[in-house]
Amino acid sequence: MLVPDITNPFFPPIIRGAEEAARDRGYELVLCNTDDETEREKASLRVLRERQADGLLIATSRMADATLASVRRERFPFVLVNRGSRVAEDPAVEVNNARAAAEIVAHLVLLGHTRIAHIAGPLGTTTGAERAAGYRDALRDRGLPVDATLIAEAAAYSEDAGYVAARRLLEMAPTAIFAANDLLALGALRAAREKGVRVPLDLSLVGINDIPMVGLIDPPLTTARVPQREMGAIAARILISLLEHEPVRERHVRLEAELVVRRSTGVPRTVDRRVA
């Protein structure tokens, strides 16, 4: 299994689900951390193929299309995890990112927010692109304009990248920020505190994934819960079915995220805040 960052709290439950499902069928999981770097992804794939791994679970977000194409050409069994593909036949287990984004925007609009900013994940990833598109579509569906100044692409799915993006967005005085994952939201929370912007009194904040720590921070983070363990288990079962030449009922599984409302979101203040 290839993962982009083993230190990201999002991945351990996925790995655990995959490992449990694999062991149930007599397989062992070998884990490779790629640091989200294309060359390390290629090197890991090469080593795994040379060591005669049976198949691959690919959870890396920046997999080069050429590398994935080579795996297809060699007919090496694989399943994509938490990411999609431009090739419809590629087996994949991912989140319904567009619907998750729509539910988050709907929640914020229902509270009365109209200046909703978005910290997008890297747009070279399927999660980043799909969540950003879902955010834009949801605004349009609710009659709100899409303001490019309220969108900032993060350099990575990390707290530091969220902090950098949020510092720019806070200059535009949004009343809410929707971050493309929880780590980006944590970075935004740090930026808001430094600027003296109170969450949720001055700014509502939402993430995606529901990693364990976000329910313990102050204030607890509103987020969309992704069924991480289930995602890993389903991906492993699909891969083993391919290896065992068993019928695969569904090659592309799209799981739903569940909105979890906590205390980081609230009604926007009626007092106008001047754009810095």
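Start by selecting helix α4 (residues 97-111) and helix α5: α4 passes α5 in a right-handed crossing (the near helix is turned clockwise from the far one by less than a right angle; anticlockwise would be left-handed). This is a predicted model, in which local features need pLDDT of at least 70 and side-chain atom pairs count only at pLDDT 80 or more, while totals for chains, interfaces and linings use all residues. Residues are numbered from 1 along each chain as its sequence is written, and side-chain values use heavy atoms, with hydrogens and water left out.

Stay with this pair. The axes of α4 and α5 lie 8 Å apart, at an angle of about 45° (axes are lines fitted to C-alpha atoms, for helices over the stretch in contact, and angles run from 0 to 180 degrees between N-to-C directions). The two helices are therefore oblique to each other (under 35 degrees is roughly parallel, over 145 roughly antiparallel, 65 to 115 roughly perpendicular, the rest oblique). Helices here are DSSP runs of H or I with at least four residues, strands are E runs of at least two, and both are numbered from the N terminus.

Now show side chains. From α4, Asn 97, Ala 98, Ala 101, Ala 102 and Val 105 meet Thr 127, Glu 130, Arg 131, Gly 134, Tyr 135, Ala 138 and Leu 139 of α5 (contact means heavy atoms within 4.5 Å). Colour this contact by class and you will find seven nonpolar, three polar and two charged residues (Ala, Val, Leu, Ile, Met, Phe, Trp, Tyr, Cys and Pro are nonpolar, Asp, Glu, Lys and Arg charged, the others, Gly among them, polar).

Next, keep Tyr 135 and add Phe 178. Their ring centres are 6.4 Å apart with planes at 50°, so the pair is tilted (rings of Phe, Tyr and Trp, its six-membered ring, pair with centres within 6.5 Å; planes under 30 degrees apart are stacked, over 60 edge-to-face, the rest tilted). The pair joins distant parts of the chain, 43 residues apart: Tyr 135 sits in α5 (residues 126-141) and Phe 178 in strand β8 (residues 176-179). Tyr 135 and Phe 178 are both buried (under 20% relative accessible area with a 1.4 Å probe, protein chains only; over 50% is exposed, in between partly exposed).

The structure holds two aromatic pairs. For the other, select Phe 10 and Phe 11, which are edge-to-face, 5.3 Å centre to centre with 75° between the planes. Both of these Phe residues are buried.

Last stop: α6 (residues 159-170) and α7 (residues 182-195), packed at about 50° with axes 7 Å apart. That makes α6 oblique to α7, and α6 passes α7 in a right-handed crossing.
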